[in-house]
Amino acid sequence: MTAIEENRQTALQKLLGTGKLALPRGVTSVCSAHPLVIEAALRRAAAEDRPALIEATCNQVNQEGGYTGMTPAGFRRFVEDIAAAADFPAERIILGGDHLGPNPWRKLPAEEAMARASAMVAAYVEAGFEKIHLDTSMGCAGEPAALEDEVTAARAAHLAKAAEEASHRAPRRPPVYIIGTEVPPPGGATHALREIDITRADAALKTLAVHRASFAEAGLASAMERVIGIVVQPGVEFGNTNVALYQPDRAIGLIRSLDEMPGLIFEAHSTDYQPSSALSALIDGGFAILKVGPGLTFALREALYGLDAIAGVLAGTTAQTGLAAAMEAIMVEQPAHWAGHYSASPEEERLQRHFSYSDRIRYYWPDPRASAAVDELFSRLPGDIPETLISQYLARLYPDVVSKRIAPNARELCLAAIDAALAPYSAATAMQ
């Protein structure tokens with residue numbers, strides 16, 4: 001067994017436990033608050049007899065509600081309600097907190113932003129989240145955009161202390177941690193991608209060293225033993241209009257650094273839209289946790305817009321008053337979630353609002369008007385949608401429809417579209 005394989009096994013045992021289920025090569029981290037995405041992830045986990053790792057980001061869910069309006073405790077209830085309806089055992093769900101740190105409050109002074117971040121981390125742990133990604137890499141008001149490693153590590157230790165204290169108060173099983181100082185931005189890049197700078201091996205080793213020192217100084221030696229992975233940049237990212245694909249040969253030095261980090265793995269962020277071969281290569285290189293989020297809601301939006309087009313054809317009308325038009329009106333009226341992320345001509349901005357890889361439209365699905373528009377769309381569709389129209393507008397799902405593996409109704413087609421985006425992750429992480 002190689003050092004990478006030993007590290008992977010040790011880290012996944014700490015994360016997944018050593019129960020009856022066999023350890024996979026890796027695990028998919030589904031980062032989404034959309035109920036259909038979560039249901040699709042649970043269905044796939046059930047079919048494969050695996051645990052399901054579901055993560056919420058600091059912007060989606062926090063003690064102040066986030067953009068979903070849910071606290072960590074509320075998100076847990078939300079996921080468990082979906083699991084109950086899908087007959088998925090709640091004990092096989094692992095909840096994680098992603099990018100937990102001052103990011104939602106980074107425009108505030110550091111002391112105030114960190115106080116709120118500490119309260120957020122405590123709320124996550126008290127709600128039973130067992131995997132905590134500590135992300136303190138961003139500067140707050142009056143600070144540089146990127147902080148020195150030592151400052152990032154000291155702040156991470158501060159948040160870890162809040163998490164440890166919360167686990168004792170609850171009481172909850174102490175969480176496992178992900179650390180890192182070279183962290184990709186939540187939700188993808190905001191600019192066109194050319195060549196991504198890969199984390200240097202010495203930078204990854206320094207990240208570990210400064211965190212060890214900060215945790216030790218804070219009296220958190222036992223918490224440091226539960227650090228299972230480091231977020232690094234292997235050259236994987238997506239922007240609004242293009243995707244940087246993983247090139248293993250560029251990450252050889254970084255991968256070799258794992259030989260000097262016993263028991264640790266890398267966590268790969270922004271793996272959305274990577275092909276199966278790239279995801280498998282990431283697993284082979286020690287990136288045992290593959291995070292995906294916008295790629296799943298992107299697939300859902302594709303299905304919804306395909307169904308919108310089908311509804312228009314069936315009604316003999318255009319799509320000017322359909323779902324796409326409703327979403328455009330909502331996004332134009334409330335631009336906060338996309339303004340600043342799409343910088344182009346008005347026409348290009350319109351296209352990016354709907355079709356960008358960063359999928360900022362996902363922030364708007366919880367809006368009651370968006371939910372009503374989806375419900376209205378489903379009401380305009382027949383129980384069984386004609387196969388010929390599925391072939392025309394949802395072609396990737398057509399083979400499974402005609403072979404009767406997917407029912408030709410709107411809800412099942414949406415779930416199938418998400419599942420198709422999850423399938424490469426299953427192939428990459430499965431037992432060999």
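Two strands pair if DSSP finds at least two bridges between them. By that rule, strand β1 (residues 27-31) pairs with β2, as three bridges join the two and they run parallel. This is a predicted model. Its central feature here is a barrel: eight strands close up in the order β1-β2-β3-β4-β5-β6-β9-β10, with parallel pairing. From one strand to the next, the twist averages 25°. The points below go through the strands, the helices, the cores and the cysteines.

**Strand β2 and its neighbours**

- Strand β2 spans residues 52-57, and six of its six residues are buried, so the rest of the structure largely encloses it.
- In a regular strand, side chains alternate between the two faces of the sheet.
- Both faces of β2 are covered. Ala52, Ile54 and Ala56 are buried on one side, and Leu53, Glu55 and Thr57 are buried on the other.
- On the β1 side, Ser29 stands opposite Leu53 of β2.
- Between β1 and β2 the chain passes through helix α2 (residues 35-48), and this β-α-β crossover is right-handed.
- Six bridges link β2 to strand β3 (residues 93-100), again in the parallel sense.
- Ala52 has Ile93 of β3 as its bridge partner.
- The route from β2 to β3 goes through helix α3 (residues 72-85), and this β-α-β crossover is right-handed.

**The loop before β2**

- Pro51 sits in the loop between α2 and β2.
- Is Pro51 buried, partly exposed or exposed? Its relative accessible area is 23%, so Pro51 is partly exposed. Buried would mean under 20%.
- Pro51 and Ala33 are 18 residues apart along the chain, and their C-alpha atoms are separated by 18 Å.

**Strands β4, β5, β6 and β9**

- Strands β4 and β5 pair in the parallel sense over three bridges.
- His133 stands opposite Ile178 in β5.
- The chain gets from β4 to β5 through helix α5 (residues 149-169), and this β-α-β crossover is right-handed.
- β5 is covered on both faces. Val176 and Ile178 are buried on one side, Tyr177 and Ile179 on the other.
- Three bridges also pair β5 with β6, in the parallel sense.
- Ile179 has Ile230 of β6 as its bridge partner.
- Strand β6 (residues 227-231) is joined to strand β9 (residues 265-268) by three bridges, and the two run parallel.
- Val231 stands opposite Glu267 in β9.

**Helices on the sheet**

- Helix α3 packs on the sheet and touches β2 and β3. Its direction makes about 145° with that of β3.
- Helix α6 (residues 201-217) lies across β4 (131-134), β5 (176-179) and β6. It runs at about 135° to β6.

**Nonpolar cores**

- The largest nonpolar core has 116 residues. Phe75, Leu307 and Met327 have the most contacts inside it.
- Which helix gives the most to this core? Helix α16 (residues 410-429) does, with 10 residues.
- Beyond its neighbours within four places in sequence, Met327 is in contact with Tyr305, His354, Ile361, Tyr364, Trp365 and Ala370.
- Another core, of 16 residues, lies apart from the largest one. Among its residues are Val27, Ile178, Val183 and Val231.

**Cysteines**

- A disulfide is a covalent bond between the sulfur atoms of two cysteines.
- How many disulfides does the structure hold? It holds zero.
- Why is Cys31 not bonded to Cys58? The sulfur of Cys58 is the closest cysteine sulfur to that of Cys31, but at 11 Å it is too far for a bond. The cut-off for a disulfide is sulfur atoms within 2.5 Å.
- Cys31 has a relative accessible area of 11%, so it is buried.
- Cys140 is in no disulfide either. Its nearest cysteine sulfur, that of Cys58, is 12 Å away.
- Cys140 has 4% relative accessibility, so it too counts as buried.

Conventions: Residues numbered from 1 in each chain as written. Predicted model: local features only at pLDDT ≥ 70, side-chain atom pairs only at ≥ 80, totals over all residues. Heavy atoms only, no water. Buried < 20%, exposed > 50% of the residue type's maximum accessible area, 1.4 Å probe, protein only. Helix = DSSP H or I, 4+ residues; strand = E, 2+ residues; numbered from the N terminus. Right-handed = clockwise from strand over helix to strand, strands pointing away. Core = buried A, V, L, I, M, F, W, Y, C linked by side-chain atoms within 4.5 Å. Contact = heavy atoms within 4.5 Å. Axes fitted to C-alpha atoms, helices over the stretch in contact; angles between N-to-C directions.
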